[in-house]
Amino acid sequence: MGLSLQTEIAGLKLKNPILSASGCFGYGEEATEFFDINQLGGMVTKSITPLPRTGHPPPKVVETASGMLNAIGLTNVGLDRFIMEKLPFLQKLSCTVIVNIAGSTVNDYTMLAGKISSLEGVDAIEVNISCPNVDSGGLEFGASPAEAAKVIRAVKKASRVPVIPKLSPNVTDIVAVAKAVEDAGADAVSLINTLVGTAIDIQTTRFKLSNRFGGLSGPAVKPVALAMVYKVASAVKIPVIGVGGISSGDDVVEFLMAGAKAVQIGTACFAEPTVFLRVIDELSTYLKKNNYQNVNDIIGAVKDG
Amino acid sequence: MKFSGSVEVSGKTVISRNIFSLDIVSPQIASQASPGQFIQVKIPGINSVLWPRPFSVRKIKDDIVTVSIKKCGKVTGLLYDINRGDRLYVTGPFGNGFILPQMGRSIYLVAGGAGLPPLLFLCESILEKGYSPKLIHFYSGARYVEELFANDELTSLGVHSVVTTDDGSYGIKGLVTEPFANDLTKVHSGKDDLGPVIYGCGPMAMVKKVAEICHGLECYLSLEQLMPCGWGVCNGCAVKIKAGDSDNTEDEKGFRLARVCKEGPVFKASELIWD
């Protein structure tokens with residue numbers, strides 16, 4: 001019997017549920033130095049903003065216990081150069097291509113969604129309403145259900161492809177935000193973005209990040225992400241993409257059992273660019289060992305202990 | 001293709017109480033790496049430490065890649081306990097290495113601490129290409145004798161070599177940039193048509209000093225920086241460099257950011273910005 005890893009998000013058929021996470025995989029081309037990225041279920045680009053951004057000055061990252069803080073500040077080439085320089089590579093891919101967008105105003109988001117969704121080769125748009133590291137936009141929209149709904153409603157109108165808001169864990173009630181964007185027309189949700197954190201150098205009495213605060217990622221955030229994925233998946237009808245601290249096939253199984261239909265891997269690919277392939281192997285091994293023929297059989301399978 | 005995978009440690013050399021080198025078996029890295037490039041090393045199973053650690057390539061022999069390491073923190077302490085036959089997770093080689101000098105120009109190599117291994121690799125490479133050792137001046141500094149990455153290897157090259165330690169426990173007492181600055185003044189006032197080429201690698205304060213001394217001269221500096229990825233995707237290792245005219249960005253601040261792992265680690269001294 002063949003094993004099927006195929007899954008579906010908002011009408012997009014993924015050959016397996018493993019995607020790269022935004023901000024950790026550049027524009028895709030970088031990873032081709034290591035492996036054929038068409039082996040992924042899909043990839044998500046870093047956030048594209050209307051104009052190029054240099055981001056925050058250094059220091060931008062800090063290593064923490066089982067994790068890291070980043071305050072990159074949405075460094076990216078901007079829309080025009082994205083289309084000219086980065087899109088041609090993405091158009092040649094056979095895996096699903098999701099472009100992440102970020103703006104400072106609702107108009108930014110709708111302009112980006114309108115233009116990017118009409119480009120050939122773009123299968124879906126992930127909407128970053130949860131970046132903890134920028135002055136305006138970002139989390140400002142993601143922190144309240146009403147604001148999040150406003151952005152997503154507008155983006156949905158402008159977009160020709162499925163719209164996937166990326167949700168912030170830095171909120172009182174992530175389920176309320178998820179329900180609000182579902183009502184606003186979101187085709188799926190991805191969660192979680194990073195958790196706000198900081199670190200202080202006690203010798204110099206300075207913050208370790210130029211931006212003071214950064215976003216925490218890595219294995220340290222996995223239990224938080226998993227709980228939020230479970231809560232959201234139990235409350236909405238649209239598919240949930242789980243993100244946060246995933247670095248093994250077992251981690252993926254946990255997220256799928258919590259209700260995610262696919263997952264994204266971010267921080268783990270820094271040290272191990274080929275982590276995706278190992279994780280796909282480990283997921284297959286788990287499924288075979290436990291006599292599952294279809295990955296969809298474990299989605300939402302968690303029971304009370 | 002870059003390498004990403006598990007490798008075997010085929011040898012370990014303890015150079016001093018704090019300095020050691022590891023030989024790893026990787027035909028893929030060995031066939032590609034050039035002086036100034038680095039690899040990222042992670043100890044499998046240590047999940048509390050997320051980032052790999054970057055080490056410059058010290059030398060290549062057949063399929064063996066050697067890196068020299070100073071024991072200075074938790075990870076390098078754990079690496080010190082690695083032995084022949086153990087396995088490490090390694091990626092690379094990464095970054096732009098040193099641009100090799102034109103034949104016939106005087107070369108000044110200035111190394112501080114862990115900056116020595118890549119410059120030794122560079123020196124050996126250009127000597128192999130037939131460069132005259134008489135034209136090469138090598139300055140190597142460390143805080144104290146136990147932190148010297150190499151000594152015999154340096155003197156056996158037949159180049160002009162000067163070793164300094166901050167505390168005078170070996171060689172000349174003082175900073176490595178002092179004898180270098182003295183010697184360079186003499187040469188600079190001489191009639192060296194194309195002028196000297198200077199290569200520096202070491203701690204930020206040291207390379208900054210080299211940049212000051214070499215103002216107006218052709219000088220390449222390799223920067224030390226922790227790097228979450230090493231392959232250009234995280235942007236964490238970015239440093240400020242002078243902005244070009246075409247660098248219009250939404251949040252322009254008079255500089256642009258260059259990734260030490262991708263655009264570096266070797267930069268022209270003239271393009272760096274020192275805060």
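Reader: Let's start with Asn18(B): where in chain B is it found?

Author: This is a predicted model, so keep that in mind throughout. Strand E1 of chain B covers 3-14 and strand E2 covers 19-25. Asn18(B) sits in the stretch that links them, namely the loop between E1 and E2.

Reader: Is Asn18(B) buried or exposed?

Author: The number to look at is its relative accessibility, which is 9%. Buried means under 20%. So Asn18(B) counts as buried.

Reader: Which residues is Asn18(B) in contact with, leaving aside its neighbours within four places in sequence?

Author: Part of the list comes from residues 69 to 71, with Ile69(B), Lys70(B) and Lys71(B). The others in contact with Asn18(B) are Tyr144(B), Glu146(B) and Glu147(B).

Reader: Staying with loops in chain B, where is Ala114(B) found, and is it buried or partly exposed?

Author: Ala114(B) is in the loop between strand E7 (107-112) and helix H3 (116-128) of chain B. Its relative accessible area is 33%, and the range from 20% to 50% is the in-between class. Ala114(B) is therefore partly exposed.

Reader: What does Ala114(B) touch, and how far is its C-alpha atom from that of Leu217(B)?

Author: Leaving out neighbours within four places in sequence, Ala114(B) is in contact with Phe149(B) and Glu224(B). Leu217(B) is 103 residues away from Ala114(B) along the chain. The C-alpha separation of that pair is 24 Å.

Reader: Zooming out, how compact is chain B for its 275 residues?

Author: Chain B has six helices and 15 strands. Its radius of gyration is 18 Å, while the globule rule gives 19 Å for 275 residues. Those two values are close, so chain B is as compact as a globular protein of that length.

Reader: What share of the residues of chain B count as buried, and what share of its contacts is between residues 24 or more positions apart?

Author: On burial, the figure is 55% of the 275 residues. For contacts, take those in chain B with a separation of 6 or more. Residues 24 or more positions apart account for 66%.

Reader: How much area does chain B expose, and what part do carbon and sulfur atoms supply?

Author: The C-alpha atoms of chain B fill a box of roughly 55 × 50 × 35 Å along the principal axes. Chain B exposes about 11,700 Å². The part from carbon and sulfur atoms is 51%.

Reader: Over to chain A: how are H6(A) and H7(A) oriented to each other?

Author: Helix H6 (residues 222-235) and helix H7 (residues 249-257) of chain A pack with their axes 9 Å apart, at an angle of about 25°. Angles under 35 degrees count as roughly parallel. H6(A) and H7(A) are therefore roughly parallel.

Reader: Which residues make that contact, and how many are nonpolar, polar and charged?

Author: H6(A) brings Lys222(A), Ala225(A), Leu226(A) and Val229(A). H7(A) brings Asp251(A), Glu254(A) and Phe255(A). By class, the contact has four nonpolar, no polar and three charged residues.

Reader: Any odd backbone spots: what is the omega of the cis peptide bond between Gly92(B) and Pro93(B)?

Author: Pro93(B) is in strand E6 (residues 87-94) of chain B. The bond joining Gly92(B) and Pro93(B) is cis, with omega at about 0°.

Reader: And what is the phi of Ser66(A)?

Author: Ser66(A) lies in the loop between strand E5 (61-64) and strand E6 (67-70) of chain A. Its phi is positive even though the residue is other than glycine. The value is near 50°.

Terms used. Residues numbered from 1 in each chain as written. Chains lettered and ligands numbered in written order. Predicted model: local features only at pLDDT ≥ 70, side-chain atom pairs only at ≥ 80, totals over all residues. Heavy atoms only, no water. Axes fitted to C-alpha atoms, helices over the stretch in contact; angles between N-to-C directions. Helix = DSSP H or I, 4+ residues; strand = E, 2+ residues; numbered from the N terminus. Parallel < 35°, antiparallel > 145°, perpendicular 65-115°, else oblique. Contact = heavy atoms within 4.5 Å. Nonpolar A, V, L, I, M, F, W, Y, C, P; charged D, E, K, R; others polar. Rg over C-alpha atoms; globule rule 2.2 N^0.38 Å. Buried < 20%, exposed > 50% of the residue type's maximum accessible area, 1.4 Å probe, protein only. Areas by Shrake-Rupley, 256 points an atom, 1.4 Å probe, with all protein chains shown as cover.
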